[in-house]
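I record here what I looked up in this structure, entry by entry. I began with secondary structure and then turned to single side chains.

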Amino acid sequence: MFATDSPTLKTLRNALPRVNLYFVYKNGYSKEVKNKPIRTLLVANRGEIAIRIFRACTELGIKSVAIYSEQDKMHMHRQKADESYLVGKGLAPVEAYLNIPEIIRICKEHDVDAVHPGYGFLSERSDFAQAVIDAGLVFIGPSPKVVANMGDKMAARKAAIEAGVPVVPGTDGPVTTTEEALAFCDKHELPVIFKAAYGGGGRGMRVVRKKDEIEENFNRASSEAKAAFGNGAIFIEKYIDRPRHIEVQLLGDKAGNIVHLYERDCSIQRRHQKVVEIAPAPRLPVEVRDKMTEAAVKLGKHVGYENAGTVEYVCDESGGFYFIEVNARLQVEHTVTEEITGIDLVQSQIKIAEGKTLEELGLAQEKIVTLGYAIQCRVTTEDPAADFQPSTGRIEVFRSGEGMGIRLDSASTFAGAIVSPYYDSLLVKVISHSRDMPSSVAKMKRALREFRIRGLKTNIPFLLNVLDNKRFLHGVLDTHFIDEHPELFKYQPSRNRAQKLLNYLGEVLVNGAQTPLGTTLAPADINPHVPEIPIDLTKKSIDREKDGGPKVTAPPEGLRNFLVCEGPAAFAKEVRSRKNLMLMDTTFRDAHQSLLATRVRTHDLLKISPYVAHKFHNLYSLENWGGATFDVALRFLHECPWERLENMRKLIPNIPFQMLLRGANAVGYTSYPDNVVYKFCELAVKSGMDIFRVFDSLNYLPNLILGMEAAGKAGGVVEAAISYTGDVSDPKRTKYNLKYYIELADELVKVGTHILCIKDMAGLLKPEAARMLVCAIREKHPDVPIHVHTHDTSGAGVAAMLAAAQAGADIVDVAVDSMSGLTSQPSMGAVVASLQGTPLDTGIVLADVSAYSAYWEQTRTLYGPFECTTTMRTGNADVYSNEIPGGQYTNLQFQSFSLGLGDMFEDVKKAYREANFLLGDIIKVTPSSKVVGDLAQFMVQNKLSGEEVVKRASELSFPQSVIEYLQGYMGIPYGGFPEPFRSDILKDMPRIDERPGANLKALDFDKLAEELTKTFGKISERDVMSSALYPQVTTHYMNHRDKFGPVDKLDTRIFLTGPKIGEEFDVTLEKGKTLSIRALAVTDDLKGNGRREVFFEMNGQLRSVLIPDKEAMKKIHIHPKANKAVKGEVGSPMPGNVVDIRVKEGDKVEKGQPLVVLSAMKMEMVVQSPSAGIVKKLAVTKDMKLEGDDLILILE
């Protein structure tokens, strides 16, 4: 042994200036330490921890070297280093970073001095530490011996016992078989916890509480441990319920000095992985803290610990604490300790590895103090609502939260980054630091709310719920915190509206219109002018507003103000008492149903709504809902009809709203259980509806009465309608004569209607007939207001309405001039002008009508693809012969064109007349009019005359609507069904001889809501109601809404046909939130999965979306997706690899039975059967890579 000052030793030092020379004593420490500067450092890791270490290197003037797998070729960490090299070519993603020989080779080939293992991967592998040292390199961490002993759970436990640190009962060594696991559980009883024997971070960890779960959990834990650490051995110990998880940070040098940097609370965990960490631990008694830190330092000295490491404890409710393990590496949560102590742990690690002592670093224990509180939230690409399933793919949008007191440690956090299923789901660590716990929480919440991450799901909403929890705010924490607070999972998911809209626009640009277009006429490139509303800014108005009166922007009071205050009965009396003619404006519903196939969107209705509220406040009502608008909104316009109603009500608070209610059919085309009709009316009133025009397509009284009762019970004004057909002025038309209508009116008045309506759906009410019918009803019912509705198909509509008014009608229906005529209602301007200066003067200003009409004249050009004038240029008096309803006329034309009968529409009209008489000359209004139309098209398509249809009735295959009508599903027509025509068609089919919905079982709304919630997550009462009426249409709409967002906010041309490349446009999402979008380009080249990239600029930032090209994909095999709407299709809950298949085709499975095992992000998941059934088709094979929602199998 040389003396420390011997000449020989000095000679060696001069010859080998970079070699540390020190004497090693039995405790592992050296008596003398010499510095060895590190010039080049390689990080044997990836992601945010690699970047964290590179930054420390840069600050210390050390060259940094990265390694990356083939899958990480585009990852940010390789770009942050001074040099980067591929490792593990051809290997699996994780194996690449576990390839020790290749990592050493890279170090030697590129003059690396030292290696930092980071955390995870090889960080706790003693053989790696030894290989680094054997290669003549510096390993930044504890000695291989310490790494081995601390990585071995049993050796660490033994050392803790020797050091006098409390421990919990556990196995004496690693366990590798289920038999050993069962034996331990039998001896020590449950619960127990399985842990990976050679790694941490929650991988390979399972808590077992039931004996029958031991084997499955052991196998899963072992499999995860092997995948993460290369060894599947498991350590088992008794599980302590409700513990706090507290760890102490140590830092030791080569001279045997060890200090602690106080403690961290890591109790907020899921699947034994930390989610939120806090330093120092809140509400931890000082005496307990001192004992913990003292024991940690004692254990560190006992094992000869050097560099950074962590001693972890569980702490029970009484303050007792027990050793868990030592993490012989840097921890993910080291950041919070850095923040409260001001000590850079990574730089300290490097300096200690160079040979510096704690004293040289100025790290004496008495000098280490804490300041304030720091919190770390791990933002991960996981879906908390789906049991934290990993979310992988492309980050479409990334915007971080920053500012004072916020630190971000991240890696692939930029738009366009790909989050793969191969590695951990950690995206960014957000660290807040402030003077106390509440202010640190406030900073963290602010920062998290600033984040905008699109394309992937994250746990940010969940983290915000944790931070808002009162127990968290008061520091009352344990490892059961997440499990015992299910409310943490109840949050409003990010709406992601902007990115969803970009996806919709991309879809239109790549695949064309997303709603069927009726004609080749394109929407006009125009922005309709909305007439201005003058605001009264006089002192009187401003003072009135200050005193709590109406705002200066509020519209004048209208009839709705009276209705709300006095109720329906008083409202009807008020209407009847008025001497002038009142008008209902149909522009918002029936007019565009008749002229534009019901395609007018909420977007254009809301633009003009404030003007209507101010200028037409003296209208009787505004018809704006019900009828075909309900299902068309859902089916073709991809918007919610309930939202339409509510938004119009906000803008038009003063005019009564009126809707069309199809009696027992509500707004559908079939009979519903009675409770559905009642619930619908209740919700309609709640959403802003006032007047219900209740009709039945056959004037079938039982159906009418049900609708009237439902509307009345809901608090609405009941306007019972007599559906008009025939001609009361023609003595030869005897079926529907004056007597028939008077008797029907008597019945409706008897039932209690507030208003009586004559509903002329086809425009058959000639002026003389109008006079006769109104006079007769007025004479019989002098106190009941009469409301007349017609269509102007023949061109005689204005004359008929004037005749009705002069005969005593109180209200008539009109449409604004540019939306009137043809199959719509008579012209508002014509009626207003005709009555000016007469006792019936409407009180409406003609100039206001003109301005209103100008808006709709321009707006109508946006709906060119649905314009009726492409096929119908003028009105046509042949309606008196064919009796086609105005609302059906244009739709029937479009249907004829789609069936290839466009050139034969005149034949269809003639056949319509024949079909009507074949069916018994019935009332024709939706849905009975559809039956007549279907039969007419059937006759033309098959070249059948009326006589031939009757003759061959028993052998022809009639449209389903015709069969259901004859069975009685719509009710019983006046005069009964035609015989023997009916019997010839139905043969022995069942018949209904009473109200169709009378015996239908009440709908279970709660059950329907539960089913919808399972499929779509959060749903509203309105969604449930829509589904009750239109199940398939609503499902399609909700899928579209989830995928593409609020498309109703787009301008109409852009909604229908998409923007032009280079076009800039605005989209207002809500008050004060407007997106500025420019369409930039659509790529010509296809991605490998058949997708095209579409580029946009949004609010000045470049964004892109990947859109599957449906035509191109027909030539490419793409794995099918599971359809949520199809029962029995089981999809992958997360992206990953199929590691095990538990069933085969033909197997019978029970609900909850394991089907397949998936692996992603080093986590395994068992996919269970959602229901009992038989495996009809298996769509996956072992080792197949799946994307989220990829089809796994089909059950039947």
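I take helices and strands as DSSP runs, a strand needing at least two residues, numbered from the N terminus. The model is predicted.

Entry one, Lys 274. I located Lys 274 in strand β11, residues 273-279. Is Lys 274 buried or exposed? Its relative accessible area is 14%, under the 20% cut-off, so I entered Lys 274 as buried. For the side chain of Lys 274 I noted a polar contact with the side chain of Glu 247 at 2.9 Å. Leaving out residues up to four places away in sequence, Lys 274 touches nine residues' worth of surroundings that include His 245, Glu 312 and Arg 378. I also checked Val 332, 58 residues apart from Lys 274 along the chain; the two C-alpha atoms are separated by 9.2 Å.

Entry two, Arg 644. I found Arg 644 in helix α24, residues 641-651. Arg 644 is buried, its relative accessible area being 2%. Its side chain makes a polar contact with that of Thr 602 at 2.8 Å. Beyond neighbours within four places in sequence, the contacts of Arg 644 include His 592, Asn 624 and Glu 639.

Entry three, helix α41. I compared the span of α41 (residues 1031-1044) with expectation: at 1.5 Å a residue its 14 residues should cover 20 Å, and the end C-alpha atoms are 20 Å apart, which agrees. Among the buried residues of α41 I listed Val 1033, Tyr 1037 and Phe 1044. The buried residues pack against α17, α23, α39 and α40. After α41 comes Gly 1045, with a positive phi near 75°.

How values were computed: Residues are numbered from 1 along each chain as its sequence is written. This is a predicted model: local features need pLDDT of at least 70, side-chain atom pairs count only at pLDDT 80 or more; totals for chains, interfaces and linings use all residues. Side-chain values use heavy atoms; hydrogens and water are left out. Helices (H or I, at least four residues) and strands (E, at least two) are DSSP runs, numbered from the N terminus. The expected span of a helix is 1.5 Å times one less than its number of residues. Buried means under 20% relative accessible area, exposed over 50%, partly exposed in between (1.4 Å probe, protein chains only). Contact means heavy atoms within 4.5 Å. A polar contact is a pair of N or O atoms within 3.5 Å; within protein, one must be able to donate a hydrogen and the other to accept it, and residues adjacent in sequence count only if both atoms are side-chain atoms.
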